[in-house]
Amino acid sequence: MTILVKTPCASATLAYFGVTGTTWNERTQRNVWDATLRRAGYAVRSRMSKLSRKESTVGAARAKLATVAAAEPEILAFVARVDGHVLVIDRNGVTVVDTDPRKRDKRALRGLYAVMK
């Protein structure tokens with residue numbers, strides 16, 4: 001039996017960086033957007049350790065992301081991972097790709113990655 005997995009958020013994330021490719025691995029049953037970006041020549045590095053406990057939601061982390069990007073000029077954008085979803089946040093802390101947008105974003109961050117060329 002084939003499991004149909006839709007990954008519109010991961011596909012939209014890849015498209016933002018101009019990358020097409022696989023977003024799902026059938027063998028491991030995992031979303032592989034980060035590996036696809038790496039194969040396309042991007043560096044994907046975690047920046048979760050830069051956030052404090054207070055900045056553990058997407059909305060609360062926005063100001064800190066602008067500070068992190070100012071200190072690291074090679075960062076193109078950030079990819080935030082929340083439960084079952086990924087979204088792209090630019091260097092200024094503004095969401096640029098989100099297939100499930102929120103007016104007040106209180107989704108807990110499960111991972112935060114800086115994308116560099």
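Reader: What makes the meeting of Glu72 and Arg47 a salt bridge?

Author: In this predicted model, their side chains come to 2.8 Å, N to O. The cut-off is 4 Å between a side-chain nitrogen of Lys or Arg and a carboxyl oxygen of Asp or Glu, so the pair counts. The bridge links distant parts of the chain, 25 residues apart: Glu72 is in the loop between helix H3 (58-71) and strand E4 (75-82), and Arg47 in the loop between strand E3 (43-46) and H3. Glu72 and Arg47 are both buried.

Reader: How many salt bridges are there in the whole structure?

Author: A search turns up 6. One of them joins Arg102 and Asp100, again at 2.8 Å, N to O.

Reader: Why are Arg102 and Asp100 called partly exposed?

Author: Buried needs under 20% relative accessible area and exposed needs over 50%. Arg102 has 42%, so it falls in between. Asp100 has 34%, so the label is partly exposed there too.

Reader: What about Asp105 and Arg107, buried or exposed?

Author: Both are buried. Their closest N and O atoms are 2.7 Å apart, in a salt bridge, and along with Asp98 they belong to a network of such bridges.

Reader: How do you know that Asp90 has no salt bridge?

Author: Look at the nearest side chain of opposite charge: Arg62 is 7.1 Å away. A salt bridge has to be within 4 Å, so Asp90 goes without, although it is buried.

Reader: Then what does the Asp90 side chain have by way of polar company?

Author: One of its polar atoms lies 2.8 Å from the backbone nitrogen of Val94. The limit for a polar contact is 3.5 Å, so that distance is inside it. Asp90 sits in the loop between strand E5 (85-89) and E6. Leaving aside neighbours within four places in sequence, Asp90 is in contact with Ala77, Phe78 and Val96.

Reader: Why is Val96 called partly exposed?

Author: Its relative accessibility is 38%, which is between the 20% and 50% limits, so the name fits. Val96 lies in strand E6 (residues 95-97), and joins Tyr16 and Val94 in a nonpolar surface patch with about 240 Å² of accessible area together.

Reader: And why is Val19 called buried?

Author: Val19 is at 8%, and buried means under 20%, so there's the verdict. Not counting residues up to four places away in sequence, Val19 touches Leu14, Thr36, Leu37, Ala40 and Tyr42.

Reader: What makes Gln29 stand out?

Author: Gln29 has a positive phi of about 55 degrees although it isn't a glycine. Most residues other than glycine have a negative phi.

Terms used: Residues are numbered from 1 along each chain as its sequence is written. This is a predicted model: local features need pLDDT of at least 70, side-chain atom pairs count only at pLDDT 80 or more; totals for chains, interfaces and linings use all residues. Side-chain values use heavy atoms; hydrogens and water are left out. Patches are made of residues with over 30% relative accessible area and no salt bridge: like charges are joined within 9 Å, nonpolar side chains (Val, Leu, Ile, Met, Phe, Trp, Tyr) within 5 Å. Accessible areas come from the Shrake-Rupley method with a 1.4 Å probe; for residues, only the protein chains shown count as cover. Helices (H or I, at least four residues) and strands (E, at least two) are DSSP runs, numbered from the N terminus. Buried means under 20% relative accessible area, exposed over 50%, partly exposed in between (1.4 Å probe, protein chains only). Lys and Arg count as positive and Asp and Glu as negative; His and the chain ends are not counted. A polar contact is a pair of N or O atoms within 3.5 Å; within protein, one must be able to donate a hydrogen and the other to accept it, and residues adjacent in sequence count only if both atoms are side-chain atoms. Contact means heavy atoms within 4.5 Å.
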